[in-house]
Amino acid sequence: MKRILTALLAVTTMAGLAIPAFAIPATSPDSPLDVGISFSPGLRAYDADGNDITGSDAQVDQSGGQLTIDPMVPGTTAYIPLSGYNNQRVTFSFDGSTGDRNYNISDFGDSSLWRVSLSKDTGRGLVKSITVENDKNLGGDAKDYGRGTWLKIVLNDSTMTSEEKFQGTVTLKARKDTTDTSNNGYSKANGNDPTVMSGDTLSFDVTLWVNNPGVSRSDGTIDTGSNAYFDPTANETNSLIWGDDRAALKFDASDDPGKFYAQLSTKSMNSIYVEYGDPAGADLWFYDFVGHPSIPSTSRATLTLGIPWDTSADYVPMPEDCYIYELDADGTLTDVTSQFTYSEDLADIAGWSTRTRVLGTYIVSDMELDLSSGTSDNGSHDQGSSNAGQDNTSDNGSNTPDKGIPNTGAVDMVNEATVASVVSLSAAGAIAFRKSCR
């Protein structure tokens, strides 16, 4: 397990705790500062619902100017708390000088006061953005931080099956001189040194270890819509079931089978509904095996598309009367009904089964579609991409179309380098912690 160096910005873990101060080498308060940010103890990473994603076995490590999260999953967002409440401050002290810089943490999210930038060194395609967000209350495990300021890390989607490393540096640079007055205003007052000087630069390094979670033959189940790869057992019959019997795969693995990305998206594609489903008044159900992986089997694998509808609903189609279509990389639909056989006991689940070496994108319709009516490109499905060009609803198996947000594509990984910027701890009791996991 990779070493986690979690350092969290000089902030308190709760409202009411003491504000830590950081000592820096002697510098004139009339000159802009260029210092590294350290992080205070006890802070963790949370998802958009406030769930702790740092890992229960993570330990605290002492290191300045470094933030490390291990692991992170592609396509996810992580929030790091920078404050427990918006008027909290971080004080950077001059060693042996006469003045201090007082930084209001909530100002970091104000683009008129601070410019936040990210330089990417290693694994550039893994991270979409790192920003500062104000006035957010996540709830969940993060509820104790209340409404405050957060570092927001957004990862790109990827069909990766092995761990990749991201390294980069986040820099905050003051755009103007500001003085924090009693009414929380910001101006240079009475010739006094500003609380913040234009050009002040704060930075810290970020290291992220990123991979999709793996599923083995012994696990055998993946939720629909989940990022995951399958790690087959060599020379054995491997079985995999998605969701609540939404799809199933069975194959005899080769003697050296490779891992393959195994996300099944059941999100609706609005463009398909508009061009094919709506004119016919058809109900459609979608099975998109993201990235269209090849199966490492000694012979063709058995793929079964499970029954997608609620069998207790008022309207239930006859499975034998349904049509099955395949969507290719050019956005063209092909009728492949004849390649599938419906059975309730032929495979691990009831459904339509076929033999294949590649998992594609399939659409089940309760009636025949007029394929000649399609006039526009329905979206590229290049292998290695993640639902490129689709209009999606929630990944819950619903056949109701909606204009959702398309998933992003797979990412390229490149070169390494990192820049460290470390702050020494002051006598005021600021501490930086070291976090590691096996």
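1. A word on terms before we start: a residue is called buried under 20% relative accessible area, exposed over 50%, and partly exposed in between. Glu-236, at 35% relative accessibility, therefore counts as partly exposed. Please keep in mind while reading that this is a predicted model.

2. Let's stay with Glu-236 for a moment. Its side chain meets that of Arg-217 in a salt bridge, at 3.8 Å from N to O. Arg-217 sits in the loop between β12 (214-216) and β13 (221-222), and Glu-236 in the loop between β14 and β15, so this pair ties together parts that are 19 residues apart in sequence. Arg-217 is partly exposed too, with a relative accessible area of 37%.

3. You may like to look at Pro-232 next, since its place is also in the loop between β14 (229-231) and β15 (237-242). Unlike Glu-236, which is partly exposed, Pro-232 is buried, with a relative accessible area of 8%. Its C-alpha atom is separated by 8.5 Å from that of Val-215, and the two residues are 17 residues apart along the chain.

4. How many salt bridges does the structure hold? The count is five. One of them joins Lys-152 to Glu-133, with 3.6 Å between the closest N and O atoms. Lys-152 belongs to strand β9 and Glu-133 to strand β8 (residues 127-136), so the pair ties together parts 19 residues apart in sequence. Both ends are partly exposed: Lys-152 has a relative accessible area of 22%, and Glu-133 has 23%.

5. That pair is also part of a wider arrangement. Glu-133, Lys-136 and Lys-152 are linked in a network of salt bridges, so if you are browsing the model, do bring up these three side chains together.

6. Strand β8 takes part in another salt bridge, through Asp-135. The side chains of Asp-135 and Arg-147 meet at 3.8 Å, N to O. Because Asp-135 lies in strand β8 and Arg-147 in the loop between β8 and β9, the pair ties together parts that are 12 residues apart in sequence. Asp-135 is partly exposed at a relative accessible area of 44%, and Arg-147 is partly exposed at 46%.

7. Now for the stretch that follows β9. Met-160 is placed in the loop between β9 (148-155) and β10. Is Met-160 buried or exposed? At 7% relative accessibility, Met-160 counts as buried. Met-160 and Asn-211 are 51 residues apart in sequence, while their C-alpha atoms are 6.5 Å apart in space.

8. Thr-169 deserves a glance as well; its place is in strand β10 (residues 164-174). This threonine is buried, with a relative accessible area of 8%. What does the side chain of Thr-169 make a polar contact with? The partner is the side chain of Asp-205, at 2.9 Å.

9. A last point concerns charge on the surface. Glu-320, Asp-321, Glu-344 and Asp-345 gather there in a patch of negative charge. Of these, Asp-321 lies in the loop between β20 (301-306) and β21 (323-327).

How values were computed. Residues numbered from 1 in each chain as written. Predicted model: local features only at pLDDT ≥ 70, side-chain atom pairs only at ≥ 80, totals over all residues. Heavy atoms only, no water. Patch = residues over 30% accessible without salt bridge, like charges linked within 9 Å, V, L, I, M, F, W, Y side chains within 5 Å. Areas by Shrake-Rupley, 256 points an atom, 1.4 Å probe, with all protein chains shown as cover. Salt bridge = Lys/Arg side-chain N within 4 Å of Asp/Glu carboxyl O. Lys, Arg positive; Asp, Glu negative; His and termini not counted. Charge placed at Lys NZ, Arg CZ, Asp CG, Glu CD. Helix = DSSP H or I, 4+ residues; strand = E, 2+ residues; numbered from the N terminus. Buried < 20%, exposed > 50% of the residue type's maximum accessible area, 1.4 Å probe, protein only. Polar contact = N/O pair within 3.5 Å; in protein donor to acceptor, adjacent residues only side chain to side chain.
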